[in-house]
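The exercises below ask for a careful reading of a protein model, one site at a time. Work through each task before turning to its solution.

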Amino acid sequence: MTVRDTGPAQTKTFIGRRAVLAESEALLGRARLVTLTGPAGAGKTRIAEEIGRALARSEAFRHGVREVRLGDLRDAALLARTVAAELRIVDNAREAGAGRLLDALYDKHLLLVLDNCDHLLEAVRDLVHHLLRGCKGLTILTTSREQLGVYGEHVLPVPPMAEDAVELFVARAAATPAEGDLPEVAAWCRAVGGLPLAIELVAARFGEIPLADVLGLTTVRQVCEWSARHGTDRERRLWAALSVFPADFDLAAAEAVGGADVPATLSALVRKSIVVATTSTVTGRTRYRLLDAVAEFGAGLLTSADEPLRRHVLHYSSFVDEATRSWFSPDEALWMGRLWEEWPNVRAAIGHALGTPGLAETGTVMAMNVQRTRFTASAGRLGQARDLLAVAREVITEAPLRTSLLAHCAYMAQAQGDMATAIPLMNQARALSPAPATDVHLLIVEATHLFFVEGSPDCVPLYTRIVDLCRQYAPPGDTYVTELMHAMATCFLLGAEAADKATTGLIRLGESNGVAWSHAWGLWNQGLYELLHGDPAQAHPPAVRALRIQLTIGDAWGPAFSLWLLACACAEMGAFDRAARLLGALRSQERVSRISFGGMSPFRTVLERADRTVRRALGDDYPVTTTLGADLRQEQAMEFALEPVPGAERRPVRPVLPGGLTRQEFTIAGLVAEGLTANQIGARLFISPRTADRHVVNIRAKLGVPSKAALAAWHRSASGER
């Protein structure tokens with residue numbers, strides 16, 4: 001964990017306040033909760049940033065320093081989710097409480113900075129209380145206009161700038177003050193109470209407007225009024241419009257919300273310190289933001305926020321549309337970075353749209369499309385996505401959009417193995433759709449129900465049909481996800497020949513596209529094929545490579561599936577100690593990601609078989625070894641999973657099936673016992689009749705039976721023994 005770079009600290013040097021910095025750092029060395037208090041514009045945020053930066057450099061906290069800005073958060077119910085998002089903590093839970101924060105931070109030696117808490121005092125007070133009680137290594141620094149009132153809180157009032165106020169004025173002045181101006185500058189700095197924000201706003205106009213004009217200004221609001229009065233109409237309008245942004249934004253967003261002539265006007269606002277310019281770590285381009293007190297004043301300049309908020313929604317709707325069309329491309333990492341960067345704006349736009357007549361459908365489509373970019377799953381933001389979609393279900397009452405929405409929500413739940421949620425949503429969507437055979441959203445839910453709940457091979461041709469529809473009407477990313485589900489289902493539910501064909505096609509598709517995410521899933525499917533139809537020892541290397549890619553790109557979703565595959569492969573290989581630890585780590589990962597492999601029938605069947613094999617092999621050592629795996633921290637579990645399996649760890653595995661047959665061979669023997677011909681077996685398993693015949697000959701040779709009739713009798717006897 002590292003300090004989060006924000007705002008002015010990226011572009012301007014920190015001046016003065018050495019005493020309060022030293023006192024704060026010393027206090028944080030012995031107290032677990034420190035609150036910096038002071039009026040708007042006193043510099044609380046800048047001081048907190050500088051403290052965090054200094055403590056990060058000194059490595060005073062083993063797991064670093066993280067800052068969360070709360071000034072633009074208006075819904076107290078989103079506090080825990082917002083903190084989790086800023087800390088990059090996976091938050092896929094339905095509940096929006098502090099549980100995931102406690103799970104993630106309980107063993108961390110970390111400084112958490114919560115900036116601008118005063119408008120959320122009750123919620124912050126409750127969260128801080130629970131975090132300090134449950135996370136013994138956690139220290140919290142907050143900034144607020146008043147103290148929190150939590151037991152053990154140390155309050156440190158931020159004093160006004162003194163001699164360093166003149167130094168700040170000179171450093172920020174648009175023109176260098178003459179020696180004779182300095183007494184007048186010092187007098188005004190004292191009159192304004194040494195408030196840094198007021199000083200910066202006035203200094204930015206020095207030389208343009210006589211200093212005498214500001215001598216009567218003593219508050220930040222008065223200085224903002226003065227700045228607005230001495231600006232142009234375009235500057236005031238843009239200032240007002242930009243106040244609707246809940247976070248930083250780029251030029252395109254400013255132009256969409258602010259109307260005509262934005263670049264020149266925006267540059268003027270930056271020169272006047274009304275807007276702060278920063279540099280994006282994702283695109284390298286300039287981003288902008290308004291400090292809280294400045295944004296608050298700008299909002300007061302609006303006669304109505306309806307129009308700029310509508311433009312904000314439409315701009316980010318277009319952004320999400322573009323992301324949906326573009327994420328499955330070599331620019332995948334860029335799009336994931338941009339979605340991370342813009343997520344506060346996207347989330348706010350969806351929320352506003354869902355609560356605004358005439359925009360609710362736009363907000364609903366945005367909420368669904370964000371999920372289609374795989375951002376919310378990859379970034380561990382499914383909890384926030386689910387919150388927004390729940391609101392959408394309240395306001396969207398008519399088909400066809402409600403049908404698609406319900407099906408979309410059902411599919412999200414299916415992907416997590418949450419069938420208790422998925423099935424009612426699927427049934428509601430079915431009841432609304434007069435022609436389910438033509439609704440792609442509902443079709444994929446039907447196919448996935450057949451796959452995950454019924455374990456029926458009938459899902460495979462249905463996925464094939466959906467792939468064809470997606471190729472005609474959907475973006476490439478949607479097509480690939482359906483191809484992935486098709487290949488996965490084929491491996492689980494059909495024979496080796498069909499599984500090999502589907503897996504090979506998936507790998508080629510991912511490699512040809514140059515997308516790391518899809519390449520990882522191609523490798524994962526290759527490992528699945530080897531586990532189910534080939535050599536389990538050959539499942540381990542591609543699973544490790546898949547996991548390594550997932551961790552490199554910061555995917556919060558895929559690693560759970562890779563742990564599942566590695567645990568099952570190690571069990572089949574006879575590496576029982578390693579398999580037991582991975583099984584324990586997998587259970588922890590399921591809790592974090594809220595993915596339940598027990599809710600997905602094919603995954604559950606293979607996992608249960610692996611678990612039985614390991615239990616039988618380890619005996620009384622099984623619970624101890626799995627607990628060791630469950631106790632690993634996330635990063636430790638992933639490091640362990642990536643290790644190669646030494647030959648010395650492998651033990652011979654007792655044959656699971658009679659006669660030493662593979663699972664496919666035992667299945668074919670059963671079909672012979674049912675009286676099926678080679679043509680019928682081929683049709684059932686999606687293999688050619690010749691391949692079916694060859695399998696039957698090989699099975700008879702392996703078992704030493706002279707005829708198909710004898711093979712059928714053997715299977716009936718073997719099945720009875722089982």
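Helices (H or I, at least four residues) and strands (E, at least two) are DSSP runs, numbered from the N terminus. The model is predicted, so that local features need pLDDT of at least 70 and side-chain atom pairs count only at pLDDT 80 or more, while totals for chains, interfaces and linings use all residues. Residues are numbered from 1 along each chain as its sequence is written, and side-chain values use heavy atoms, with hydrogens and water left out.

**Exercise 1.** Determine in which helix Asn-369 lies, and decide whether Asn-369 is buried or exposed.

*Solution.* Asn-369 belongs to helix H16, which spans residues 360-372. Buried means under 20% relative accessible area, exposed over 50%, and partly exposed in between, with a 1.4 Å probe and protein chains only. Asn-369 has a relative accessible area of 7% and is therefore buried. Leaving aside residues up to four places away in sequence, Asn-369 touches Val-320, Asp-321 and Thr-324, where contact means heavy atoms within 4.5 Å.

**Exercise 2.** Describe the setting of Phe-297, in helix H13.

*Solution.* Helix H13 covers residues 292-300, and within it Phe-297 is buried because its relative accessible area is 8%. Not counting residues up to four places away in sequence, the residues touched by Phe-297 are Arg-221, Cys-224, Glu-225, Ala-228 and Trp-239. Phe-297 and Val-220 are 77 residues apart in sequence, and their C-alpha atoms are 9.6 Å apart in space.

**Exercise 3.** Examine the backbone at Asn-116, Arg-594 and Pro-400, beginning with the sign of phi at Asn-116.

*Solution.* Most residues other than glycine have a negative phi, and most peptide bonds are trans. Asn-116, although not a glycine, has a positive phi of about 65 degrees; it sits in the loop between strand S3 (110-115) and helix H5 (121-134), and Asn-116 is buried, with a relative accessible area of 14%. Arg-594 likewise has a positive phi, near 60 degrees, and is found in the loop between H28 and helix H29 (601-618). With a relative accessible area of 34%, Arg-594 is partly exposed. The peptide bond that joins Ala-399 and Pro-400 is cis, with omega about 5 degrees, and Pro-400 lies in the loop between helix H18 (382-395) and helix H19 (401-415).
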